[in-house]
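Please look through the sequence and the model below, and keep both at hand while reading. The report that follows moves from a loop to the helices and then to the contacts between side chains.

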Amino acid sequence: MLAAAEDWFRTGQAWGELATTLTAAHVDPQQVTDAWNHSATAYTQAGAEEEATTSRTNATDTDTDNPEP
């Protein structure tokens, strides 16, 4: 809905909140990483580079915290 309205900043926030919720629910780390990456993409579209960088860092940290076997 937010993406359809091209409200990219709030789309980035929503993806970030989803990533946080997925982390708390201990779901597959790849799903968490994907959500953070979607957040970063949306923030980039909004021109919010600081927030995009934070989301990218969170995605990388998720990959690092949960390495593939």
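Histidine 26 lies in the loop between α1 and α2, and in this predicted model its phi is near 60 degrees, a positive value in a residue other than glycine. Most residues other than glycine have a negative phi. Histidine 26 is exposed, with a relative accessible area of 71%, a value over the 50% that marks an exposed residue. Glutamate 6, in the segment before α1, also has a positive phi, of about 60 degrees, although it is not a glycine. Glutamate 6 is exposed as well, its relative accessible area being 59%. A positive phi, near 80 degrees, is found in glycine 47, the residue that follows α2.

**The chain as a whole**

The protein chain contains three helices and zero strands, and reading along the sequence gives the pattern α-α-α. Of its 69 residues, 26% are buried, while the chain exposes about 4,500 Å², of which carbon and sulfur atoms supply 53%. When contacts between residues at least 6 apart in sequence are considered, 42% of them join residues at least 24 apart.

**Helix α2 and the core**

How far apart should the ends of helix α2 be, given its 18 residues? At 1.5 Å a residue, helix α2 (residues 29–46) should span 26 Å, and its end C-alpha atoms are indeed 26 Å apart, which agrees. The buried residues of this helix are Val32, Thr33, Ala35, Trp36, Ser39, Ala40, Ala42 and Tyr43. An α-helix has 3.6 residues a turn, so residues three or four places apart point the same way.

The largest nonpolar core has six residues, namely Ala19, Leu22, Val32, Ala35, Trp36 and Ala59. The elements that give two or more residues to this core are α1 (8–24) and α2, and α2 provides the largest share, three residues. Alanine 59, a member of this core, touches Thr33, Trp36 and Asn37 when residues up to four places away in sequence are not counted.

**Paired side chains**

Two kinds of side-chain pair remain to be described. A search of the whole structure finds one salt bridge, which joins arginine 10 and aspartate 7, with the closest N and O atoms 3.2 Å apart. Side chains of opposite charge can pair when their charged atoms come close.

The structure also holds one aromatic pair. Are its rings stacked or edge-to-face? The rings of phenylalanine 9 and tyrosine 43 have centres 5.1 Å apart and planes at 65 degrees, so the pair is edge-to-face, given that an angle over 60 degrees counts as such. Because phenylalanine 9 lies in helix α1 and tyrosine 43 in helix α2, the pair ties together parts that are 34 residues apart in sequence.

The table sets out how accessible the residues of these two pairs are.

| Residue | Relative accessibility | Class |
|---|---|---|
| Arginine 10 | 47% | partly exposed |
| Aspartate 7 | 24% | partly exposed |
| Phenylalanine 9 | 33% | partly exposed |
| Tyrosine 43 | 8% | buried |

In the salt bridge, then, arginine 10 is partly exposed and aspartate 7 is partly exposed too. In the aromatic pair, phenylalanine 9 is partly exposed, whereas tyrosine 43 is buried.

Technical notes: Residues numbered from 1 in each chain as written. Predicted model: local features only at pLDDT ≥ 70, side-chain atom pairs only at ≥ 80, totals over all residues. Heavy atoms only, no water. Helix = DSSP H or I, 4+ residues; strand = E, 2+ residues; numbered from the N terminus. Expected span 1.5 Å × (residues − 1). Buried < 20%, exposed > 50% of the residue type's maximum accessible area, 1.4 Å probe, protein only. Core = buried A, V, L, I, M, F, W, Y, C linked by side-chain atoms within 4.5 Å. Contact = heavy atoms within 4.5 Å. Areas by Shrake-Rupley, 256 points an atom, 1.4 Å probe, with all protein chains shown as cover. Salt bridge = Lys/Arg side-chain N within 4 Å of Asp/Glu carboxyl O. Phe/Tyr/Trp six-rings, centres within 6.5 Å; stacked < 30°, edge-to-face > 60°.
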